[in-house]
Amino acid sequence: MAGPLTSVKVLDFSTLLPGPYATMMLADMGAQVLRVESPDRMDLTRMTPPHEGGVATAHAYLNRGKRSLALNLKEPEAVERVKELVQEYDVVVEQFRPGVMARFGLDYDNLKAINPALIYCSITGYGQTGPYRDRAGHDINYLALSGVASYSGRAESGPPPLGIQVADVAGGSHHAVMGILAAVIHQRETGEGQHVDISMTDAAFAMNAMAGAAWLATGEEPAPESGMLNGGAFYDYYQTADGRWLSVGSLEPPFAKQLFSVIGRPELAAKGLSPKPEDQQTLKNALRDAIAAKTLAQWQAIFSEQDACVEPVLTLSEATHHPHIQARHMVIEVDRGDGTCQKQIGHPLKFSTTPCESAFIGRALGADNPHQD
């Protein structure tokens, strides 16, 4: 069976990462997604290397399962075509700076006059209101302004540039999907649409979670390596003899007992939840010395028999081939459109009755212009 959103139709005006990732998730879940793209302002993910089979891998993944309609919104005929489409679509997703869609006459107020049930989701760095609404930004800026970066990384080296785009994806994409689906429920119950305003900075700020709750309630300001979960405790990464890394998350007493027994220091387990910095430093030193004495493969063999919250830091290629990732169908094959397939990351949500699937990789610009409905 198809995914759970087969009755939802989405017009997608977004480019790059946050919006396309969100609409990819919706498409995987069965939504009918039609991308409206400019023929003279190419989405950069279509050109971003590497390419495979002549198609950018980022575009092939982020825009899988979506149809493509090439329209220049600066042309009145294109705007009228969008207004026709809006009459039969449930959701619009756009990622322009505030005011851009209004200049085309395609902002929420104009489109809801055509379709009062329309859900209109805007994804921006700073939201539709506030003094930064028109300001340019990127993932690293949103993490910085939200406070997240201030207590990430090491005290000596400062905040790290992360390997993934947390504010863009966890902030923009995932919150957009949540907001859209909540609005769909409201729409189905009342017949009423609404504007969903997604700010990646808001979302990053909300993800401060425990540290944010502590600061607002008690004034306790977090700093790098100052807490149990950001390097201030033995919950950390440790280098092995062959220059690889091991993650240690053995905070709870039963896990700590196993961990310190394995390294031959069972007496240290009692200090596991100690709030004293000197106790945590003692634990970190002991773990650093012990883990540096064996290779990653040796530690993997040892901890494969222990349920202690200790796992290797895998490369992406190793993670892709890990038996658990494979068993969870997180690596799939998606039709290139010519009968051959490309390996891609699978959908992370598993539905027992309406499983998600990806029908085809990202399509050529305007591939569906002859079939606009």
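Which residues does Leu26 touch, not counting residues up to four places away in sequence? The close-ups below, all taken from a predicted model, start there.

**View 1. Contacts of Leu26.** Leu26 touches Leu5, Val10 and Ala31. Its other contacts, with residues up to four places away in sequence left out, are Val177, Ile180 and Leu181.

**View 2. The largest nonpolar core.** This core holds 36 residues. Val10, Tyr21, Leu26, Val91 and Cys121 touch the most other members. Elements that each supply at least two residues include helix H1 (18–28), strand S6 (91–94), strand S7 (119–124) and helix H7 (166–190). Helix H2 (57–62), helix H6 (139–145), strand S8 (194–199) and helix H8 (200–206) also each give at least two. H7 makes the largest contribution, with 7 residues.

**View 3. A second core.** Separate from the largest core, this one has 21 residues. Among them are Phe234, Leu259, Leu268 and Ala308.

**View 4. An open sheet of 3 strands.** The strand order is S9-S10-S11, and pairing is antiparallel. Strand S9 (236–239) and strand S11 (310–312) stand at the edges. Each has a single partner strand, so one side of each lacks a neighbour in the sheet. From one strand to the next, the twist averages 30°.

**View 5. Pairing of S9 with S10.** S9 and strand S10 (residues 245–248) run antiparallel over 4 bridges. Trp245 in S10 is the bridge partner of Gln239.

**View 6. Helices across the sheet.** Helix H11 (residues 277–291) lies across S9 and S10, at about 35° to S9. Helix H12 (residues 296–303) lies across S10 and S11, at about 30° to S10.

Note on methods
Residues numbered from 1 in each chain as written. Predicted model: local features only at pLDDT ≥ 70, side-chain atom pairs only at ≥ 80, totals over all residues. Heavy atoms only, no water. Pairing = 2+ DSSP bridges. Axes fitted to C-alpha atoms, helices over the stretch in contact; angles between N-to-C directions. Contact = heavy atoms within 4.5 Å. Core = buried A, V, L, I, M, F, W, Y, C linked by side-chain atoms within 4.5 Å. Buried < 20%, exposed > 50% of the residue type's maximum accessible area, 1.4 Å probe, protein only.
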